[in-house]
Amino acid sequence: MSDFFAHETAVIDEGCQIGTGTKVWHFSHLMTGCVLGEKCNIGQNVVISPKVVLGKNVKVQNNVSIYEGVTCDDDVFLGPSMVFTNVINPRSAVNRKNEYLKTHVGKGASIGANATIVCGHNIGQYAFIGAGAVVTKEVPDYALVVGNPARQMGWMSEFGQRLQFDAGNIAVCEESGEKYKLENNKVSKI
Ligand SMILES: CC(C)(COP(=O)(O)OP(=O)(O)OC[C@H]1O[C@@H](n2cnc3c(N)ncnc32)[C@H](O)[C@@H]1OP(=O)(O)O)[C@@H](O)C(=O)NCCC(=O)NCCS
């Protein structure tokens, strides 16, 4: 058994795997078979469904439901009241439990407050989804997207700073000094 903290109002079903140092706050519900890495922070009124897998140091702000089909790599930030989905065409009278679409959120990605991720679209590592965006397509690594439907407005560094590429397609993060290159519309750290 790992050493984690759960507030007395949290409900943790049998068969959850919870990493050492993880904290689960007021009124949150972890369902059978979910897996949480070390040092995650699960805010208030969060639901984590069966089979969801979260890496290490995933921060989930208040009022987020993480549905079956969602996986998040290490260091993902899920902003307050953001929304995942897992059925593309729900009808109350039609059972679509075998039709859940998957959403994978890559390492270090951030999803802003109140954003919605339409299912079946992966979010690249260190991508940044602006507050209130509605994501309807794949989001590339390091891309910054905003709006409804979400459109790319630029690129973000691993420290969450806008990247301005020069004529040689090189950008320097103003916070970390790390360098990035843009090649074939893909960003990578150099
Ligand atoms: C996307 C974001 C990082 C952009 O920040 P920024 O680089 O400082 O951008 P600016 O404020 O300079 O805005 C640039 C333009 O984008 C627009 N814009 C900024 N954020 C936007 C958003 N979320 N949705 C739509 N448009 C947005 C601005 O209105 C501005 O438009 P204009 O040029 O027509 O005036 C930021 O606005 C954001 O959404 N952060 C998420 C905050 C959040 O949810 N935190 C959760 C934890 S508390």
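Two strands count as paired if DSSP finds at least two bridges between them. With that in hand, let's work through this predicted model.

**Exercise 1. Work out which strands stand at the edges of the nine-stranded sheet, and what that leaves open.**

Step 1. Begin with the strand order: the open sheet runs β1-β4-β7-β10-β13-β16-β18-β20-β21, and its pairing is mixed.

Step 2. Now look at the two ends. β1 (5–6) and β21 (151–155) each have a single partner strand, so one side of each lacks a neighbour in the sheet.

Step 3. Recall what holds such neighbours together: strands of a sheet pair through backbone hydrogen bonds, in a parallel or an antiparallel sense.

Step 4. Zoom in on one pair from the order. β7 (residues 41–42) and β10 (residues 59–60) are parallel and share two bridges. Here I42 sits opposite V60 of β10.

**Exercise 2. Describe the overall build of the protein, from its strand count to its radius of gyration.**

Step 1. Count the secondary structure: the protein has 24 strands and zero helices.

Step 2. Compare the radius of gyration with the globule rule. The value is 17 Å, close to the 16 Å given for 190 residues, so the protein is as compact as a globular protein of that length.

Step 3. Add the extents: along the principal axes, the C-alpha trace spans about 55 × 40 × 20 Å.

Step 4. Turn to burial and contacts. Of the 190 residues, 38% are buried, taking under 20% relative accessible area as the cut-off. Among contacts with a separation of 6 or more, 15% link residues 24 or more positions apart.

Step 5. Finish at the surface. The accessible area is about 10,000 Å², and carbon and sulfur atoms contribute 49% of that. The side chains include 17 positive and 18 negative ones, with the centres of the two sets 6 Å apart.

**Exercise 3. Find where S81 and N184 lie, and decide whether each is exposed or partly exposed.**

Step 1. Check the backbone. Phi is near 60° at S81, a positive value in a residue other than glycine. N184 also has a positive phi, near 50°.

Step 2. Place them. S81 belongs to the loop between β13 (77–78) and β14 (83–84), while N184 is in the loop between β23 (179–183) and β24 (186–189).

Step 3. Apply the accessibility. S81, at 26%, is partly exposed; N184, at 74%, is exposed.

**Exercise 4. Locate the cis peptide bond that joins N148 and P149.**

Step 1. Read the angle: omega between N148 and P149 is about -5°.

Step 2. Place the proline: P149 lies in the loop between β20 (143–146) and β21.

Key
Residues are numbered from 1 along each chain as its sequence is written. This is a predicted model: local features need pLDDT of at least 70, side-chain atom pairs count only at pLDDT 80 or more; totals for chains, interfaces and linings use all residues. Side-chain values use heavy atoms; hydrogens and water are left out. Helices (H or I, at least four residues) and strands (E, at least two) are DSSP runs, numbered from the N terminus. The radius of gyration is taken over C-alpha atoms; the globule rule is 2.2 Å times the number of residues to the power 0.38. Buried means under 20% relative accessible area, exposed over 50%, partly exposed in between (1.4 Å probe, protein chains only). Contact means heavy atoms within 4.5 Å. Accessible areas come from the Shrake-Rupley method with a 1.4 Å probe; for residues, only the protein chains shown count as cover. Lys and Arg count as positive and Asp and Glu as negative; His and the chain ends are not counted. The place of a charge is taken as NZ of Lys, CZ of Arg, CG of Asp or CD of Glu.
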